[in-house]
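Me: Please take a close look at one part of this model: how its strands pair, and which rings go with them. Keep it brisk.

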Amino acid sequence: SLRLKIVFTHTDLIDIVYSNTEGTDIPYDVPSEDDVSEASQTICGKLFTEMWSADMERGFPMPKGCYYKGYPGGYRREIFLLFEGKSGLRKDTTYQLVFNGIVREDNTPPVPDVVTTNGQFMEIFPMDDVVARPYEAIEFGRVSLTTE
């Protein structure tokens with residue numbers, strides 16, 4: 001299986017929330033949904049509202065499942081999409097994942113902690129085989145905000 005890992009690096013400023021209409025905060029500790037063996041399409045539905053691909057013939061590849069982990073002390077969260085072998089993301093193709101998020105800014109002087117244009121609050125890692133190379137990333141990308 002292949003994975004796509006999305007890392008929120010500053011959850012104290014920007015974080016993903018559940019895809020329900022209330023946008024409920026995701027706890028940092030959800031022991032029944034934080035391991036590759038617990039990945040499910042149901043969890044994908046709890047995290048993402050839409051998955052889109054510019055590949056009109058194949059569409060967005062169907063995830064085998066999703067799971068997530070949180071690290072509250074480090075203001076970090078990892079979201080994983082798991083794909084069957086040979087059916088993951090294709091090169092030279094545009095993909096979009098839509099999720100609900102929240103911005104938590106602290107404008108208290110002397111040093112305000114705010115979200116800014118071009119700020120990097122997420123990272124993305126297409127990852128190789130879960131069993132043979134569980135920690136090996138194929139690529140690495142930083143996600144930047146284009147507007148405030």
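Reply: Two strands pair if DSSP finds at least two bridges between them. A strand is a DSSP run of E, at least two residues, numbered from the N terminus. The model is predicted, so local features need pLDDT of at least 70 and side-chain atom pairs 80 or more, while totals for chains, interfaces and linings use all residues. Residues are numbered from 1 along each chain, and side-chain values use heavy atoms without hydrogens or water.

Start with the hairpin. Strand 4 and strand 5 are its two arms, with 4 residues between them. The arms run antiparallel and share 7 bridges. One of the partnerships sets Lys69 against Glu78 in strand 5. Strand 4 covers residues 65-71, and strand 5 covers 76-83. In the turn, Tyr75 has a positive phi of about 50 degrees. Pro72 also sits in the loop between these two strands. Its relative accessibility is 46%, so Pro72 counts as partly exposed (20% to 50%; under 20% is buried, over 50% exposed, with a 1.4 Å probe and protein chains only). Another proline, Pro112, is 40 residues from Pro72 in sequence and 21 Å from it in space, C-alpha to C-alpha.

How enclosed is the first arm? In strand 4, 5 of the 7 residues are buried, so the rest of the structure largely encloses this strand.

Now the rings across the hairpin. Rings of Phe, Tyr and Trp (its six-membered ring) pair when their centres lie within 6.5 Å; planes under 30 degrees apart are stacked, over 60 edge-to-face, the rest tilted. The count by this rule is 7 aromatic pairs. In one of them, Tyr67 and Phe80 have ring centres 4.5 Å apart and planes at 10 degrees, so this pair is stacked. Tyr67 belongs to strand 4 and Phe80 to strand 5, with 13 residues separating them, so the pair links distant parts of the chain. Both Tyr67 and Phe80 are buried.

Phe125 and Phe140 make a tilted pair, with 5.1 Å between centres and 45 degrees between planes. Phe125 is in strand 8 (residues 120-127), while Phe140 is in the loop between strand 8 and strand 9 (141-144), so the pair ties together parts that are 15 residues apart in sequence. The two rings differ in exposure: Phe125 is buried at 17% relative accessibility, whereas Phe140 is partly exposed at 39%. Ring pairs also link Phe8, Phe48 and Phe99 into a cluster.

Two rings carry a charge over them (NZ of Lys or CZ of Arg within 6 Å of the ring centre and within 35 degrees of the ring normal). The charged end of Arg77 sits over the ring of Tyr28, 4.6 Å from its centre. The charged end of Lys5 sits over the ring of Phe125, 5.3 Å from the centre of that ring. Phe125 is thus met again here, as it is also the ring paired with Phe140.

Last, a second antiparallel pairing. Strand 2 joins strand 7 (residues 100-103) through 4 bridges. In this pairing, Val17 has Asn100 of strand 7 as its bridge partner. Side chains in a regular strand alternate between the two faces of the sheet. In strand 2 (residues 14-17), Ile14 and Ile16 point one way, and Asp15 and Val17 point the other. All four of these residues are buried, Asp15 included.
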